[in-house]
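The exercises below ask you to read strand pairing, burial and packing from a set of coordinates. Work through each task before turning to its solution.

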Amino acid sequence: MSQRIRSAAVNGETRSLEREQGKPVDLPQGEVLAEPGEVIPNVLFLVSGMISLLTTMQDGSAIESATLGREAVFGVLAALGGHRANTRAVMQIAGRALQIRAGDFRAVVDKNPALRHLVLLSSELTLVQMQQTAACNALHSVERRFSRWILQVRDRTDSDEIELTHDFVAQMLAVRRPTVSLIAQELQSAGLIRYSRGRINILDREGLERVACECVEALRTKTRGILRSLGTAIAGYVRGLRQQAANLDSSGGGDDSPLILNERGRPYDRTALYRRAVRILTEAGLGERASVQLLRHTYGYLAYKRS
């Protein structure tokens with residue numbers, strides 16, 4: 001996602017949604033967002049950072065089964081009813097998110113077809129990751145998995161510097177700490193990374209890509225395909241809204257014309273609202289979080305009421 005989109009999410013767009021139903025929150029590294037069996041009370045739209053979903057065993061051991069970044073939504077299945085976590089969710093990389101109460105999110109999704117599409121595709125994205133990661137954990141060497149994992153974090157953070165300890169990495173990959181130390185030393189000797197005091201610096205990204213397994217590109221390709229589907233759906237949704245606005249404006253208004261209201265029941269100027277949504281799509285090119293930016297402008301404003 002471009003810096004422009006991220007900046008908009010952290011600033012005006014987050015404040016706009018906060019006034020309606022959500023609020024921006026800081027999520028420190030290591031914070032546990034959910035444990036298996038717990039009801040998920042809030043939905044999180046990540047602006048930055050990365051969440052690890054861990055499958056846990058009775059003896060306390062765990063392995064990472066999927067990661068969520070800016071392209072996904074944590075707790076999205078809350079839109080379908082009271083949702084309980086199936087995995088432990090931990091903030092792997094500290095970040096920020098827009099937090100919405102699950103009940104409020106569910107009410108909004110019921111009214112908004114674009115958000116319903118987001119729920120389905122975000123769920124599909126998580127499932128695809130779990131399937132690919134399961135195969136990777138079973139079939140690929142620790143060295144290739146570690147390289148894949150570093151690149152996954154890089155894709156989500158847009159930074160060549162990653163703050164993570166050996167202990168944390170060992171838990172994600174379900175290996176012993178000395179194994180992580182040995183592989184990190186090998187990658188460092190090859191000039192691919194530099195590791196010191198819980199910080200990994202990527203020195204040669206192309207070289208790391210060659211060492212990593214095929215799952216890196218497989219996950220990227222599948223993610224792009226799903227996001228493209230979401231973008232297409234939202235573009236069609238906006239075209240429909242623009243046509244509705246044109247029809248309403250050409251009719252000259254009148255007492256029987258529906259008004260677009262916010263959650264407080266106050267009318268919004270239709271033309272300005274639709275132009276704003278279209279501008280977001282155009283500037284962002286429907287990349288990664290562009291769909292969420294659009295929804296932040298439109299959801300809650302699309303309840304129709306006769307004047």
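**Exercise 1.** In this predicted model, determine how many residues of strand E3 are buried, and establish which strands pair with E3.

*Solution.* Step one concerns burial: with the cut-off for buried set at under 20% relative accessible area, four of the five residues of E3 are buried, which leaves the strand mostly covered. Step two takes the partner E8 (residues 95-101), which pairs with E3 in the antiparallel sense over five bridges; within this pairing, leucine 46 has alanine 97 of E8 as its bridge partner. Step three takes E6 (residues 73-74), which is joined to E3 by two bridges and also runs antiparallel to it, with phenylalanine 45 standing opposite valine 73 of E6.

**Exercise 2.** Find the aromatic pair of the protein, classify its geometry, and state where in the chain the two rings are located.

*Solution.* The search for ring pairs yields a count of one. The ring centres of phenylalanine 45 and phenylalanine 105 lie 5.9 Å apart and the ring planes make an angle of 70°, so the pair is edge-to-face, given that planes over 60 degrees apart fall into that class. The pair links distant parts of the chain, since phenylalanine 45 belongs to strand E3 (residues 42-46) and phenylalanine 105 to helix H2 (residues 102-111), 60 residues apart. Finally, both phenylalanine 45 and phenylalanine 105 are buried.

**Exercise 3.** Give the strand order of the four-stranded open sheet, and identify helices that pack on it.

*Solution.* Begin with the order, which is E2-E7-E4-E5 with antiparallel pairing. The edges are strand E2 (32-34) and strand E5 (62-68), each of which pairs on one side only. On average, neighbouring strands of this sheet are turned by 35° against each other, direction ignored. Next, consider the pairing of E4 (residues 50-56) with E5, which is antiparallel and comprises six bridges; here isoleucine 51 has leucine 68 of E5 as its bridge partner. Helix H3 (residues 113-139) packs on the sheet by touching E4 and E5, and its direction makes about 140° with that of E5. Helix H5 (residues 166-173) likewise packs on the sheet, touching E4, E5 and strand E7 (88-93), with a direction at about 90° to that of E5.

**Exercise 4.** What percentage of the residues of the protein count as buried?

*Solution.* Of the 307 residues, 51% count as buried.

How values were computed:
Residues numbered from 1 in each chain as written. Predicted model: local features only at pLDDT ≥ 70, side-chain atom pairs only at ≥ 80, totals over all residues. Heavy atoms only, no water. Buried < 20%, exposed > 50% of the residue type's maximum accessible area, 1.4 Å probe, protein only. Phe/Tyr/Trp six-rings, centres within 6.5 Å; stacked < 30°, edge-to-face > 60°. Pairing = 2+ DSSP bridges. Axes fitted to C-alpha atoms, helices over the stretch in contact; angles between N-to-C directions. Contact = heavy atoms within 4.5 Å.
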